[in-house]
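Trainee: Could you walk me through one part of this protein up close? I'd like to see how a single side chain fits in with what surrounds it.

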Amino acid sequence: MASTSSLALSQALLTRTISRDGSGNRFSVPAFSGLKSTFPRTISTRRGCVSTSSHSFRPDLVRAAAVEAIETTTDSSLVDKSVNTIRFLAIDAVEKAKSGHPGLPMGCAPMSHILYDEFMRYNPKNPYWFNRDRFVLSAGHGCMLHYALLHLAGYDSVREEDLKSFRQWGSKTPGHPENFETPGVEVTTGPLGQGIANAVGLALAEKHLAARFNKPDNEIVDHYTYSILGDGCQMEGISNEVCSLAAHWGLGKLIAFYDDNHISIDGDTDIAFTESVDKRFEALGWHVIWVKNGNNGYDEIRAAIREAKAVKDKPTLIKVTTTIGYGSPNKANSYSVHGAALGEKEVEATRNNLGWPYEPFQVPEDVKSHWSRHTSEGAAFEADWNAKFAAYEKKYPEEAAELSSIISGEFPAGWEKALPTYTPECPGDATRNLSQQCLNALAKVIPGFLGGSADLASSNMTLLKAFGNFQKATPEGRNLRFGVREHGMGAICNGIALHSPGFIPYCATFFVFTDYMRAAMRISALSEAGVIYVMTHDSIGLGEDGPTHQPIEHLSSFRAMPNIMMFRPADGNETAGAYKIAVTKRKTPSVLALSRQKLPQLPGTSIESVEKGGYTISDNSTGNKPDVILIGTGSELEIAAQAAEELRKEGKTVRVVSFVCWELFDEQSDAYKESVLPSDVSARVSIEAGSTFGWGKIVGGKGRSIGIDTFGASAPAGKLYKEFGITIEAVVDAARSLI
């Protein structure tokens with residue numbers, strides 16, 4: 001029985017050789033092949049200039065490259081052939097699409113071949129096997145590299161027809177890697193730096209699970225995270241944020257390959273990027289290796305990976321010096337090969353230069369045969385792990401049940417009952433404090449629940465009190481200390497969420513500082529990563545810190561973003577209800593905007609009603625025809641309720657609606673929407689301490705929206721609400737004008 005359950009669990013988820021002369025100039029040696037010793041006429045100098053003069057040629061480097069190729073431990077001619085297969089699959093796909101980025105695949109083919117063919121453990125027929133090594137192409141524009149590797153390795157998601165439909169409507173090979181489109185792609189990359197940040201999250205997840213579940217007699221969690229990043233990723237600030245954390249956490253199973261080709265879209269990187277990446281990463285705390293011949297130094301690449309895997313206490317950066325567009329006689333080592341098809345003439349010239357007689361998209365039979373072994377090897381890897389898990393499950397049933405929950409995404413029955421409930425008699429409290437009660441309740445019943453804050457845990461109220469901190473020496477802890485790194489924090493949580501379906505990461509900061517991680521939050525939504533964003537200090541109600549800390553347009557902006565739920569709960573029940581939905585919706589991230597100020601527990605709210613997004617909390621009308629509908633969110637729902645009482649004293653029939661989550665309301669039936677917002681009632685007033693943008697959709701052309709469409713100010717919360725007209729009196733006056 002144990003063996004059967006472990007099997008079900010597993011299957012459920014279905015060159016440039018570089019030298020420097022005395023002046024520091026760089027020289028490149030183009031293609032060397034065991035099949036053909038042909039060298040392009042161009043030698044590139046530090047500025048990327050072209051020279052055809054014979055005195056620039058470096059025969060010593062050519063001899064070194066030849067010796068390197070001859071002394072490889074495997075058949076170098078087959079490796080050359082396999083590497084060139086990767087190059088030409090990329091060239092042919094980009095050429096057929098008439099768009100794409102051929103340069104990176106042509107330059108990175110050697111390192112990626114060695115990695116995917118000789119080191120990585122995976123099962124092509126089950127891309128979601130839990131204990132697989134993870135690979136992230138952070139430089140996602142070069143995605144044809146990844147697609148070529150998946151194709152050669154035998155993944156069903158990237159067949160020949162998929163390569164031929166690169167970048168086309170409905171294809172499994174989009175213009176940047178997308179995890180939700182292409183099995184075998186772990187995360188969605190494209191915006192530079194996001195991928196390496198995701199890789200840090202994946203490596204964190206592995207280290208955390210290994211610390212929690214491995215036993216001296218059974219290391220059930222044991223896999224690596226590999227990533228390729230380029231100069232663009234290095235320039236983006238997010239990469240420094242996350243790489244700093246990776247070293248601090250001691251993520252020894254994170255190995256990053258830096259494609260050191262010195263070319264960006266605008267030309268040689270010397271125009272904007274001259275720092276020593278090696279020294280920066282050493283200062284961050286990484287182990288750094290330099291592979292000087294990334295074009296055909298196969299043994300050098302192998303040795304670097306072995307060395308990296310031997311370093312257990314810190315992540316490793318392998319700087320691999322390559323030639324972008326390697327093999328192209330006229331475009332190699334230039335920006336022109338970065339983001340455009342080579343063109344028919346240059347494709348033919350490259351075929352001649354590399355001695356490639358094959359038709360477009362053709363994989364030579366010996367290369368195909370060589371790579372075909374990964375199907376049987378992958379099945380064996382998974383079968384071996386299934387057997388290990390069966391033994392683990394028998395000896396450690398409690399730990400196995402928790403790990404199974406994280407792997408499968410199946411939570412313990414009745415987990416939602418752990419959420420706290422409230423009555424109007426309960427004392428009022430800030431929703432950030434009520435959120436903390438929910439976080440701690442959920443962490444006790446959901447094994448994969450973990451998270452942290454951007455150096456604000458004591459203000460966000462996000463500390464899990466029963467669990468320790470995730471640190472280098474205590475990776476079993478579930479409190480993640482991100483420091484002041486919002487952008488990196490969000491992207492790391494994406495990686496955690498996409499590691500295994502049962503991981504539920506949350507991260508927290510002040511709501512206004514979503515501006516610092518909006519890019520990561522957008523990728524959460526796009527890549528269907530169910531991160532929970534706990535955003536406190538949700539309005540001008542935070543008070544004296546002033547407009548720099550007071551969000552205005554933020555609610556509207558997230559309501560405009562596809563596949564993300566924007567919650568603004570008004571009290572304890574709505575906060576608990578928001579968490580219930582956020583946990584349930586594993587392919588949709590959630591944002592919870594929470595108050596700093598105390599709010600009452602309102603009559604009429606409930607955990608269950610939050611599922612509708614918008615619902616009635618009080619109504620003295622009959623026949624679904626109130627005189628006026630007052631609509632509020634968060635801290636302003638109380639104002640709407642109090643304004644309704646004033647209007648009712650005047651004999652008016654008033655319905656008060658909580659609009660806690662617009663996205664959920666949009667999912668409801670037309671009949672339900674009509675029961676809450678009857679089309680015959682045009683007298684509607686909304687009140688929310690944020691931008692009024694978008695509220696016209698709810699209140700209609702004849703309704704009124706009370707909010708704030710300017711920046712805030714520094715003053716106590718009560719004073720701000722009065723001065724900006726977010727008051728009971730304002731709601732009553734607006735309602736009277738409509739009735």
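Mentor: Sure, let's take Trp 286, and keep in mind that this is a predicted model. If you skip the neighbours within four places in sequence, Trp 286 is in contact with Cys 243, Ala 246, Ala 247, Leu 254, Ala 256, Phe 281, Lys 314, Pro 315, Thr 316 and Leu 317. Trp 286 also belongs to the largest nonpolar core, a set of 75 residues. Within that core, the residues that touch the most other members are Trp 286, Trp 249, Leu 251, Leu 403, Phe 482 and Ile 492. Helix H7, residues 194-213, supplies the largest share of the core, with 11 residues. The core also draws at least three residues from each of domain 1 (76-378) and domain 2 (415-594). There's a second, separate core too, made of 55 residues, with Val 79, Ala 90, Tyr 226 and Ile 255 among them.

Now for a pair of helices. Helix H9 spans residues 237-249 and helix H10 spans residues 277-284; the two pack at about 45 degrees, with their axes 8 Å apart. That angle is why H9 counts as oblique to H10. On the H9 side, the contact is made by Asn 240, Cys 243, Ser 244 and Ala 247, and on the H10 side by Arg 280, Phe 281 and Leu 284. Sorted by class, that gives 4 nonpolar, 2 polar and 1 charged residues. Some of these names should look familiar: Cys 243, Ala 247 and Phe 281 are also among the contacts of Trp 286. As for spacing along a helix, an α-helix has 3.6 residues a turn, so residues three or four places apart point the same way.

For another helix, look at H5, residues 143-153, where 11 of 11 residues are buried. Among the buried ones are Met 144, His 146, Tyr 147 and His 151. What do they pack against? The partners of the buried H5 residues are helices H3 (76-97), H4 (103-119), H6 (160-164) and H13 (365-395), plus strands E5 (134-137) and E6 (225-229). Right after H5 comes Gly 154, with a positive phi near 100 degrees.

One last stop is Ser 264, in strand E8, which covers residues 263-264. Its relative accessibility is 19%, and the cut-off for buried is under 20%, so Ser 264 counts as buried. Outside its neighbours within four places in sequence, Ser 264 is in contact with Thr 269 and Tyr 335.

Conventions:
Residues numbered from 1 in each chain as written. Predicted model: local features only at pLDDT ≥ 70, side-chain atom pairs only at ≥ 80, totals over all residues. Heavy atoms only, no water. Axes fitted to C-alpha atoms, helices over the stretch in contact; angles between N-to-C directions. Helix = DSSP H or I, 4+ residues; strand = E, 2+ residues; numbered from the N terminus. Parallel < 35°, antiparallel > 145°, perpendicular 65-115°, else oblique. Contact = heavy atoms within 4.5 Å. Nonpolar A, V, L, I, M, F, W, Y, C, P; charged D, E, K, R; others polar. Core = buried A, V, L, I, M, F, W, Y, C linked by side-chain atoms within 4.5 Å. Buried < 20%, exposed > 50% of the residue type's maximum accessible area, 1.4 Å probe, protein only. Domains from an automatic or database assignment.
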